[in-house]
Amino acid sequence: SSAYLIKESLNRGLEEEVDKHLHKIHSSVTTMSRLLEDVLTYGKAEEGALPVRLTDFSLREFLLDVIEEASITDQKQHNVVINIPDYDCRILSDKFLLRQIVLNILSNSMKYSDKGTNIFIDCWHDDGMIKINIKDEGKGISDDELEHIFEPFYRNKTAIGITPGIGIGLAIAKRCIDVLQGKIEVNNKFEKGVQFSIILPS
């Protein structure tokens, strides 16, 4: 186990090995915590019991925090290219629900694109709406699967047994967007990547 390996590495004075195993433990704990959070959120959404708590917050700071969280779990295997306004763009929304939306879509992009590829995040404010684009350089989604991606527990056929997950991330994102009276658009190019556009009232 990682705990045993840490003990052995400490006995041998291998600090780098200790850091590696601690990171592995942290990543596993984060993954399990997020999975539990996703299941609980999905259950509340299905019951129509997702509370909405609107607060005013900086969208830039919020997105940078979520990107950092996703990158840690991803072990920074992707290059996230960010285009966020430098000015203090603020939004009146539910921070927990918006985190569920962005984190699940971003994590999905990381899972289904090759290591070392780019993920582009663009955000801007337009006519009372906030738009957040998340685009990857993955393989895209086949036409016959595209209509199912927001269904709970649906998984890409090629990912089963290879890519971790239970298939509720995008379903949660869609339900949270609906609760916030927004919408989500998908611009898909098979074999060239997919772009999710999150559109919410500001």
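This briefing describes the fold, the core and selected residues of one protein chain. The model is predicted. The chain has 6 helices and 7 strands, and along the sequence these follow the pattern α-α-β-α-β-β-α-β-β-α-α-β-β. Of its 202 residues, 42% count as buried. The largest nonpolar core has 40 residues, and Leu59 and Ile132 have the most contacts inside it.

**Overall organisation**

- Among the contacts in the chain with a separation of 6 or more, 69% are between residues 24 or more positions apart.
- The accessible surface of the chain comes to about 11,400 Å². Carbon and sulfur atoms account for 53% of that surface.

**The nonpolar core**

- In soluble globular proteins, nonpolar side chains tend to be buried together.
- The largest nonpolar core of this chain comprises 40 residues. Two or more residues are given to this core by each of helix 3, helix 4 (95-111), strand 4, strand 5, helix 6 and strand 7 (193-201).
- Helix 4 provides the largest share of this core, with 8 residues.
- Leu59, one of the two residues with the most contacts inside the core, touches Cys89, Arg90, Ile91, Leu98, Cys123, Ile130 and Ile132 when its neighbours within four places in sequence are left aside. Ile132, the other residue named for its contacts inside the core, is thus itself among the contacts of Leu59.

**Arg90 and its surroundings**

- Arg90 is found in strand 3 (residues 90-93).
- With a relative accessible area of 36%, Arg90 is partly exposed, because this value lies between the 20% limit for buried and the 50% limit for exposed residues.
- Beyond its neighbours within four places in sequence, Arg90 is in contact with Asp56, Phe57, Ser58 and Leu59.
- The side chains of Arg90 and Asp56 make a polar contact at 2.5 Å.
- Arg90 and Leu59 are 31 residues apart along the chain, yet their C-alpha atoms are separated by 5.4 Å.

**Cysteines**

- The count of disulfides in the model comes to 0.
- Cys89 is in no disulfide, and the nearest cysteine sulfur to its own is that of Cys123, 5.5 Å away. A disulfide requires sulfur atoms within 2.5 Å, so this pair does not qualify.
- Cys89 is buried, with a relative accessible area of 6%.
- Cys123 is likewise in no disulfide, its nearest cysteine sulfur being that of Cys89. Cys123 is buried, with a relative accessible area of 5%.
- Both Cys89 and Cys123 are among the residues in contact with Leu59.

**Aromatic pairs**

- The count of aromatic pairs comes to 2.
- The rings of Phe57 and Phe62 have centres 5.5 Å apart and planes at 50°, so this pair is classed as tilted. Phe57 and Phe62 are both buried.
- Phe150 and Phe196 form an edge-to-face pair, with 6.5 Å from centre to centre and 80° between the planes.
- Phe150 lies in the loop between helix 5 (143-146) and helix 6, whereas Phe196 lies in strand 7, so the pair ties together parts that are 46 residues apart in sequence.
- Phe196 counts as buried, at 1% relative accessibility.

**A buried serine in helix 3**

- Ser71 lies in helix 3 (residues 59-73).
- Ser71 is buried because its relative accessible area of 9% is under the 20% limit.
- Leaving aside neighbours within four places in sequence, Ser71 is in contact with Lys76, Val80 and Met110.

**Positive phi values in loops**

- Most residues other than glycine have a negative phi.
- Asp127 has a phi near 50°, a positive value in a residue other than glycine. Asp127 is placed in the loop between strand 4 (118-126) and strand 5 (129-136).
- Asp127 is exposed, with a relative accessible area of 73%.
- Gln181 also has a positive phi, near 60°, and is a residue other than glycine. Gln181 lies in the loop between helix 6 (169-179) and strand 6 (183-189).
- Gln181 counts as exposed, at 69% relative accessibility.

Technical notes: Residues are numbered from 1 along each chain as its sequence is written. This is a predicted model: local features need pLDDT of at least 70, side-chain atom pairs count only at pLDDT 80 or more; totals for chains, interfaces and linings use all residues. Side-chain values use heavy atoms; hydrogens and water are left out. Helices (H or I, at least four residues) and strands (E, at least two) are DSSP runs, numbered from the N terminus. Buried means under 20% relative accessible area, exposed over 50%, partly exposed in between (1.4 Å probe, protein chains only). Contact means heavy atoms within 4.5 Å. A polar contact is a pair of N or O atoms within 3.5 Å; within protein, one must be able to donate a hydrogen and the other to accept it, and residues adjacent in sequence count only if both atoms are side-chain atoms. A nonpolar core is a set of buried Ala, Val, Leu, Ile, Met, Phe, Trp, Tyr and Cys residues joined through side-chain atoms within 4.5 Å. Accessible areas come from the Shrake-Rupley method with a 1.4 Å probe; for residues, only the protein chains shown count as cover. Rings of Phe, Tyr and Trp (its six-membered ring) pair if their centres lie within 6.5 Å; planes under 30 degrees apart count as stacked, over 60 as edge-to-face and the rest as tilted.
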